[in-house]
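Subject: Structure handover

Hello,

I am passing this structure on to you. Please open it first, then read my notes below.

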Amino acid sequence: MSAVSVSPEARPVGTIPDRARRMITANPSVLPTIASIVIFVGMVIFGEVAYGRILQFNTLSNLLINNAHLIVLAVALTFVILTGGIDLSVGSIIAVSSVAGVMLSNAGWNVFAVIIAMIGIGVLFGIVSGVLIRYFNVQPFIATLAMMFLGRGLASLLSTTPERLGEDSPIRWIGAQLKIIDGPKVNDLVITPAVLVAVLVVIAAFFVLHRTRMGRTVYAIGGSESSALLMGLPVHRTKVLVYVISGALAGLAAVLYTARLGTAQNITGIGWELDAIAAAVIGGTLLTGGYGYVLGSVVGALVLGLMNVLITRDGGIPPEMTTIITGGILLVFVLLQRAVTRRRE
Amino acid sequence: MTAAAGTTIWRELIRKPFFWGIVAIIALLALNVIKDPTYLALSINPNNGNLVGNLVDILRQAAPVMMIAIGMSLVIATGGIDLSVGSLMAVAGAVSMEFLSAAGDSFGAALAAVGLALVITGVLGAVNGVLVAYVGLQPFIATLVLMLAGRGIAKVITGGQNTTASNDSFRWIANGFLIGIPVVFLLAVLIVIAVGLVVRRSALGLMIEAIGINPRASRMAGIKPKGLLLTAYIMSGILAGIAGVMSVGSVMTVDISRTGYQLELDAILAVVIGGASLAGGKFSLSGAFVGALLIATLDKTVLYLGVSSSATPAFKAIVIVVLCLLQSERVRGWFRRRRRPRPAERLLQKEEVSA
């Protein structure tokens, strides 16, 4: 997020409030990212005070374990949204990829072949949307909306009943819980390979976006596509590539989610597009593109995950309210972005 | 001479935006007839004189899609999109069912239920409109929020249940017959005609199209885009409400996770089939009407051919991708290059050079 990318040049000067002010005046788009961190910390404190047992190993490690797939999706959406596009198909890609993966695995395929196939399905969807958007000038949300329905339909063609992953399937190992610190009672610091994969994805995405030419091109496209084109950046290639990355990460998210749950269904992942978009937007990625941080999106995903934990802890809020609250938070942040960008204009 | 007149009529017909939609409907019906020669047969129910048959079923199924397609036409013509129509249908269904299950079985209750549902969906449509027109959000983000939160709202209204109610007058809207024809289809046709008259006999349609072509130019020409945008989204919301009433009325149960599910794709598809451009700037209500009929036929055919109904979105997605491809400049360029005779092209280039 912001602190990591900005602090090196800001460190030598001034006190912390001075530095913060400088950072905000230099780049107002970090405001939403800072807001998301504040909200996350605020939610943790509120949860600890109101319900207790939030700030301890097992709650926090469960937060990571249960949201590993969402973190990966948020990273995927960050890439696409940074270019000013959108990918509504990630939830459906997860459905078709996980159903296909479980069926292949049960048909006796090798684990690696299954995982590659699951990610490959996502890549295929990404290529189709990318080509539609880049070569045929279809609006991103129309192209990916079509892919969203195509994925859902294909998943239903494959199977309309829950497909169960074999108990001895090695894929389950990805979701297996490994104890790192054995705390008192059930308060253990637990981690799954899936969490490690998600962390690796985040690190890789951070490296690609901030330290490579491709990342620079992604930001440049979001800032102004025609300027990027005039500068001679490989706009067309990159535009297709972000959708391929997004599709591949959605496929990877399907692997992580299936490994944790052990079942796959054609209705898996309905509405996860909203969660992923909301995570990216809460984390400070501007929907018009050009501004945003992949680490902010991770915070956004954790905010959403923590919100679910708090809602279940509270018990008074009906679970139906979750989508409304997610939508409301998304709306508030979009409006906040709107206010920030309007002031810049 | 008659032959020449015949060809001009044909040419005009082919130019109509909905021509290929009608061709597709006929092709699908032909496919059904091949499978079952008696598919098109219409019979009259001897007890009440109503028409019975597959065609009547298609007309009935098409009615809700027509409603949301008309609303979507207007919104798309402004250069926007309304992704929330399916969820608004669920909200309308939830509101009317909850109201009816409390208010009981009377004509007044049915009227009040419909009114209440339309007011609430109209308000939700207005929320979309305000976010798009006054706040300046991208239309798909503004409506995406309601697309996903709308179903949550419907769940909250019914308390997570699939509410059932009984009211004969309300049921009549969806299941009744008037002079042998389903009421729901007659109602849809009337609404389409009414909207068409309002939009096409006044400058409203032209102004909506002007916004879609170029918002800045339309503002300079003296059109106030904000109010019109708001109107388009409110219209879309209300029409989605009508569609919701129609679709819950036939079973008198609102299924909060299935009512109107994925129907936003149907609406977009109907609009695109009708010849409108997703980039905005033009719309054709008759095209959307034919598009809705085609979708209902497609739904029924896919079901008839023995494919699971939850797989139909895949077919629709393929159709929409193909239509988007046909609309794109690149594909049109391919066809143009092939069609245009060589010498004329050279002449044109020469003229361009000399100019």
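Start where the chains meet: 33 residues of chain A are in contact with 37 residues of chain B. Keep in mind that this is a predicted model.

On the chain A side, three helices each supply at least two residues to the surface that touches chain B. They are α6 (111-136), α7 (140-158) and α14 (321-344) of chain A. Which helix gives the largest share of that side? α7(A) does, with eleven residues. By class, the chain A side has 21 nonpolar, nine polar and three charged residues.

Now chain B on its own. The domain assignment splits chain B into domain 1 (53-306) and domain 2 (308-355). Their centres, taken over C-alpha atoms, are 31 Å apart. The two domains do touch: twelve residues of domain 1 of chain B are in contact with nine residues of domain 2 of chain B. On the domain 1 side, α12 (263-273) and α13 (285-304) of chain B are the elements that give two or more residues. The largest share there is six residues, and it comes from α12(B). That side of domain 1 of chain B divides into eight nonpolar, two polar and two charged residues.

Next, the record. An unreviewed UniProt entry places the feature "transmembrane region" at several stretches of chain B, including 65-95, 175-199 and 230-256. I checked two of these in the model. Residues 175-199 of chain B are 72% helix and 16% strand. The end C-alpha atoms of 175-199 of chain B lie 29 Å apart. Residues 230-256 of chain B are 74% helix and 0% strand. For 230-256 of chain B, the end C-alpha atoms are 27 Å apart.

Last, a helix pair in chain B. The axes of α7 (residues 168-175) and α8 (residues 183-200) of chain B come within 5 Å and cross at roughly 75°. Angles of 65 to 115 degrees count as roughly perpendicular, so α7(B) is roughly perpendicular to α8(B). Which residues of α7(B) and α8(B) meet? From α7(B) come B:Trp172, B:Ile173 and B:Ala174. From α8(B) come B:Val183, B:Val184 and B:Leu187. The residues of this contact divide into six nonpolar, no polar and no charged.

That is the handover.

Best wishes

Definitions and conventions:
Residues are numbered from 1 along each chain as its sequence is written. Chains are lettered from A and ligands numbered from 1 in the order in which they are written. This is a predicted model: local features need pLDDT of at least 70, side-chain atom pairs count only at pLDDT 80 or more; totals for chains, interfaces and linings use all residues. Domain bounds come from an automatic or database domain assignment. Two residues are in contact if their C-beta atoms, placed from the backbone, lie within 7 Å. Helices (H or I, at least four residues) and strands (E, at least two) are DSSP runs, numbered from the N terminus. Ala, Val, Leu, Ile, Met, Phe, Trp, Tyr, Cys and Pro count as nonpolar, Asp, Glu, Lys and Arg as charged, and the others, Gly among them, as polar. UniProt positions are given in the numbering used here, feature names are shortened, and annotations may be inferred rather than shown by experiment. Axes are lines fitted to C-alpha atoms, for helices over the stretch in contact, and angles run from 0 to 180 degrees between N-to-C directions. Angles under 35 degrees count as roughly parallel, over 145 as roughly antiparallel, 65 to 115 as roughly perpendicular and the rest as oblique.
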